[in-house]
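Student: Could you take me through one part of this model in detail? I would like to look closely at the helices at the start of the chain, with the cut-offs spelled out.

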Amino acid sequence: MTGIQISGMVYFIAAMVIGFGALGFSIYKAVNLVKDRRQTIDYKKYLKHIIALLAVFSVLFILGTLSVYIWNQYNAAWYEYLQVIFGGLFFSASLGIGINAFIIHYYKKGLPEKLDKVLFYSLMAAIPLSVLSLFLYTDGLIGLGGEHFLLPNGLSFTEGFVRPDQSGRPNIAFYAICILLGAVFVYFLCDHKLYLEYGKHGTIDATFLVAFPAGIIGARIAYVIGNWKLDGFDVRVARGEWWSIIAIWEGGLTILGGAIAGIIVGVLVYMKTNKGRSIFRAVDIIVPTILIAQAIGRWGNFFNCEVHGGLVPEAYWGWLPKVIFNNAHYSSAVGNGWAKEGYIYAPLFFIEFLVNLFGYFVLAHLFGIKLKHITAPGDLAFGYIIWYGFTRVFMEPLRDSAFNMGQDGYWSWLWSLIFVGAGTLLIAINHIIRFLKDYKEGKAHDFSIKANSIAVSVLSLLAIGLIISGAVNMGMSTGGLAIALNQFNIGVICLVTGISFLLLDASAVTELILNIKRNKESEALDA
């Protein structure tokens with residue numbers, strides 16, 4: 001390494017350490033502002049200090065990145081320099097602004113209304129801008145590694161950064177960091193929402209500290225059960241390697257099991273630590289946010305080059321950011337390796353990332369706010385089970401067979417169908433019980449008999465049509481069970497969906513009958 005290269009490396013380290021130190025100090029100032037209890041606070045002074053520190057962070061972030069070119073003697077095109085400069089500038093600025101705006105907006109009481117609005121809109125703008133600018137920034141850097149460039153998937157204490165195509169195993173895996181980041185983000189989001197509900201932070205501290213590890217344990221147990229023979233757990237346990245069951249560092253977690261364990265344990269802990277507060281309101285706030293945690297966690301699969309689909313022509317995926325496109329050329333599954341010329345492995349992690357984020361906004365904002373009048377407490381939590389179940393129903397058959405669980409690959413797929421059925425059954429039971437309770441107490445519902453009749457008719461037609469379609473597809477298929485979106489599986493999906501509509505129809509029929517009965521009783525009293 002030449003003297004110039006050493007200078008570039010030293011400058012990179014110094015710039016990043018000082019830059020992120022400035023970011024950390026800006027967060028420290030924001031926390032001090034939150035803790036400031038004086039009657040009159042000089043907000044301008046606080047904000048000037050924070051903005052100055054963020055400016056230092058952004059400038060040093062760009063200069064530190066540019067020093068990588070000197071350190072590694074890279075020759076980049078002019079447009080790649082521009083991508084790195086502008087992408088890095090907007091990314092570092094939006095990241096710093098987003099973090100500080102979040103802290104002050106959500107945790108400082110008594111903010112001036114105008115300042116509070118500015119902070120909120122700054123946060124809303126920073127989230128998409130940081131994501132888009134990060135892709136621009138990485139697009140400028142990614143070409144420097146050559147044609148077969150992979151991002152590292154972790155840090156080894158003995159080998160440094162290691163890649164999925166190398167033999168070294170990371171001691172600090174980016175997969176674990178992605179899962180942890182998702183959990184922490186969701187904690188702060190739920191903490192704020194419950195603060196708005198009850199006026200107190202820390203409501204879910206105990207719940208989070210117990211439910212998160214419980215989810216990890218549940219995810220591991222489900223994986224071990226599903227792959228008991230496929231991954232040789234039966235043989236290893238028989239020869240005394242019982243610890244292989246808990247060896248999560250070897251890989252092997254399934255989100256379906258983690259969701260079940262995390263939700264059950266979380267509900268029990270919340271009920272124990274928050275007596276007198278509605279558990280249904282809590283789960284409606286907390287459970288849909290699991291979709292965000294799962295969306296962030298899926299990026300761990302990206303770094304590991306795993307849980308992808310089969311080979312697809314890369315010409316159809318040119319719209320992907322380069323950082324995703326490049327990594328999609330490699331598979332960590334045994335026997336796969338680098339994709340053949342002109343192909344990539346379908347990046348299903350990115351599709352599921354987008355579907356999960358969309359699902360959160362459908363549940364939390366569409367049904368949780370816009371259509372709140374047709375939902376009952378608990379519906380949003382049960383809706384999560386349906387949404388994620390359906391997501392996996394369609395995603396599992398698209399995966400490379402190396403990542404399907406169970407001897408026949410059907411373990412996760414069947415559990416996904418069970419999720420859909422269980423979610424709709426819980427919603428139906430939830431509504432029926434509430435209708436019966438309200439009827440006994442003499443409470444009236446907003447829906448008219450006409451609206452109930454329409455709902456029953458539509459749901460009945462959909463249910464019958466889907467059940468018939470499912471039975472016909474299953475009967476006409478000669479393929480039988482196979483982990484693919486074949487005619488038989490499509491029939492199974494239609495059948496389960498039809499039964500789900502039938503369960504929802506039961507709640508609409510119950511309300512219709514009760515409304516008719518209530519009207520007759522009212523007419524009898526008037527007569």
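Tutor: Happy to; we will go from the nonpolar core to single residues and then to the surface patch.

A word on the ground rules: this is a predicted model, in which local features need pLDDT of at least 70 and side-chain atom pairs count only at pLDDT 80 or more, while totals for chains, interfaces and linings use all residues. Residues are numbered from 1 along each chain as its sequence is written, and side-chain values use heavy atoms, with hydrogens and water left out.

Let's begin inside. The largest nonpolar core has 30 residues, and L33, Y43, F61, I104, L111 and L119 touch the most other members. Such a core is a set of buried Ala, Val, Leu, Ile, Met, Phe, Trp, Tyr and Cys residues joined through side-chain atoms within 4.5 Å; buried means under 20% relative accessible area, exposed over 50%, and partly exposed in between, with a 1.4 Å probe and protein chains only. Helices α1 (3–35), α2 (43–72), α3 and α4 each supply at least two residues of this core, and α2 gives the most, with nine. Helices here are DSSP runs of H or I with at least four residues, numbered from the N terminus.

Now zoom in on L111. Leaving aside neighbours within four places in sequence, L111 is in contact with Y43, I104, H105, D116 and L119, where contact means heavy atoms within 4.5 Å.

On helix α2 you will find V68, which counts as buried because its relative accessibility is 17%. Not counting residues up to four places away in sequence, V68 touches F12, Q73 and Y74. The C-alpha atoms of V68 and M16 are separated by 11 Å, with these positions 52 residues apart along the chain.

Finally, the outside. W78, Y79, L82, I85, F86, F90, L129 and L136 make a nonpolar surface patch of about 770 Å². Patch members have over 30% relative accessible area and no salt bridge, with nonpolar side chains (Val, Leu, Ile, Met, Phe, Trp, Tyr) joined within 5 Å and like charges within 9 Å. A salt bridge is a side-chain nitrogen of Lys or Arg within 4 Å of a carboxyl oxygen of Asp or Glu, and accessible areas come from the Shrake-Rupley method with a 1.4 Å probe, only the protein chains shown counting as cover for residues. Both α3 (78–107) and α4 (113–142) supply at least two residues of the patch, with α3 giving the most, six. L129 sits in α4 and is partly exposed, because its relative accessible area is 37%.
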